[in-house]
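Dear colleague,

Please find below the structure that I am handing over to you. After it I set out what was found, in an order meant to be followed with the model open on the screen.

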Amino acid sequence: MGSCFYHPRETHVSLGIMNAHPDWFGHGVARTLLEEVCRVADADGKPLRLVSSALNLDSYSLYTRAGFVPRSFFQDMVIEDVSRVPRPASGIRSAILDDLPGIVALEERVSGIRREKDWHYFLTDDHGWRVVVKEAGGTVNGVLASIDHAGSRLLGPGVMVEEETAQSLIANQLQTDRGGNPVFLVPATSKGLVQTMYSWGARNCELHVAQCRGEWVEPQGVVMPTFMPETS
Ligand SMILES: CC(C)(COP(=O)(O)OP(=O)(O)OC[C@H]1O[C@@H](n2cnc3c(N)ncnc32)[C@H](O)[C@@H]1OP(=O)(O)O)[C@@H](O)C(=O)NCCC(=O)NCCS
């Protein structure tokens, strides 16, 4: 009748890909699934986080009725012709497993969440993930993953201390063959980043909202999630 994913992490539980069979829409299937995931998160004493479409009133209502609070707003962008994307500044390279502690620490500093296993997976998987980092003085101050797979072509997740770092990492990923034109989520409040993406020819193709049930940590930098549950 319905299904969803949830992933317990060190700091939180993330949730996504909620669906009910159309024959059962409006009969409480999703609410019942969500109640179970809320029970798991509450038993662990952790906040529950997700990234959901801001254009889908059914899911928006489902989550906010269950006590989720919309916290961050994202523009899903795509650049079909990358000829206006400049060559990124130096200091960007493919990440290696030795970068894992720095990446995990950066995400905790910027987003307030910790999920070492996810980043380990992105760094070691050979099914289409690619991770790039920007370093300054031996410290990772930006990271951006991308996935090139028949199931999804996305940039993200990523976290950066500065908008300029986000621009450089996006440029680097876009100039690498990712199997087409990947979609990426940019915080609507990162005004300079949004305007730069427009100047590179970006178009909006969706809107997403990060929602949280429980304690929310305000980001200290640029957060680029995807709408896949593993990246909330
Ligand atoms: C979104 C989806 C999962 C909802 O599933 P569902 O089983 O029909 O949802 P439920 O019957 O459990 O209803 C959820 C709640 O939202 C409420 N709701 C729905 N539309 C609402 C609206 N416009 N305003 C306020 N509340 C609304 C319902 O009343 C219900 O709350 P209640 O049980 O307290 O009355 C389902 O529509 C779906 O599978 N859609 C396609 C896939 C999708 O979009 N998934 C979301 C991805 S993030």
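**Helix 2 and its two sides**

The face of helix 2 that is turned away from its buried side carries the exposed residues Leu57 and Arg65. Please note before reading on that this is a predicted model.

Which residues of helix 2 are buried? They are Ser59, Leu62 and Tyr63. Looking down the axis of helix 2, one sees these buried residues fall within an arc of 90 degrees, so they line one face of the helix. That buried set packs against strand 2, helix 1, strand 3 and strand 10.

Both ends of helix 2 deserve a look. At its start, a side-chain oxygen of Asn56 reaches to within 3.1 Å of the backbone nitrogen of Asp58. Just after helix 2, Gly67 adopts a positive phi of about 100 degrees.

**Helix 1**

Helix 1 comprises residues 29-44, which makes 16 residues. At 1.5 Å a residue, helix 1 should span 22 Å, and the C-alpha atoms at its ends are 23 Å apart, which agrees.

The buried residues of helix 1 are Val29, Ala30, Leu34, Val37, Cys38, Val40 and Ala41. They cover an arc of only 165 degrees around the axis, which puts them on the same side of helix 1. What covers them includes strand 1 (2-8), strand 2 (13-20), strand 3 (48-53), helix 2 (57-65) and strand 10 (203-213). Just after helix 1 comes Gly45, with a positive phi of about 70 degrees.

**The ligand**

How many residues are around the ligand? There are 16, and of these Met18, Gly26, Gly28, Arg31 and Asn56 come nearest. Asn56 has already appeared above, at the start of helix 2. Arg65, named earlier as an exposed residue of helix 2, has a side-chain N or O atom 3.0 Å from a nitrogen atom of the ligand.

Two contacts involve the protein backbone. A polar backbone atom of Gly26 is 2.7 Å from an oxygen atom of the ligand. For His27, a polar backbone atom is 3.2 Å from an oxygen atom of the ligand. Taken alone, the ligand exposes 970 Å², and the protein buries 67% of that.

**Helix 6**

Helix 6 covers residues 191-199, and its buried residues are Leu193, Val194, Thr196 and Met197. Viewed down the axis of helix 6, these residues fall within an arc of 160 degrees, so they line one face of the helix. They pack against strand 4 (69-78), helix 5 (163-174), strand 9 (183-187) and strand 11 (222-224). Just after helix 6, Gly201 takes a positive phi of about 100 degrees.

**Backbone details in two strands**

Where does Pro157 lie? Its place is strand 8 (residues 152-160). The peptide bond leading from Gly156 to Pro157 is cis, with omega near 5 degrees.

Ile17 belongs to strand 2. Although Ile17 is not a glycine, it has a positive phi of about 50 degrees. With a relative accessible area of 38%, Ile17 is partly exposed.

**Distances along the chain and in space**

Three pairs of residues allow separation in sequence to be set beside distance in space.

- Leu50 is in strand 3. Is Leu50 buried or exposed? At 2% relative accessibility, Leu50 counts as buried, because buried means under 20%. Leu50 and Thr32 are 18 residues apart in sequence, and their C-alpha atoms are 17 Å apart in space.
- Asp118 lies in helix 4 (residues 116-124). Asp118 is buried, with a relative accessible area of 9%. Between the C-alpha atoms of Asp118 and Glu135, which are 17 residues apart along the chain, the separation is 20 Å.
- Glu162 is in the loop between strand 8 and helix 5. At 45% relative accessibility, Glu162 counts as partly exposed. Glu162 and Ser190 are 28 residues apart along the chain, and their C-alpha atoms are separated by 9.7 Å.

I hope that this account will be of help as you work through the model.

Yours sincerely,
A colleague

Note on methods: Residues numbered from 1 in each chain as written. Predicted model: local features only at pLDDT ≥ 70, side-chain atom pairs only at ≥ 80, totals over all residues. Heavy atoms only, no water. Helix = DSSP H or I, 4+ residues; strand = E, 2+ residues; numbered from the N terminus. Expected span 1.5 Å × (residues − 1). Buried < 20%, exposed > 50% of the residue type's maximum accessible area, 1.4 Å probe, protein only. Arc of directions from axis to C-beta. Contact = heavy atoms within 4.5 Å. Near = heavy atom within 4 Å. Polar contact = N/O pair within 3.5 Å; in protein donor to acceptor, adjacent residues only side chain to side chain. Areas by Shrake-Rupley, 256 points an atom, 1.4 Å probe, with all protein chains shown as cover.
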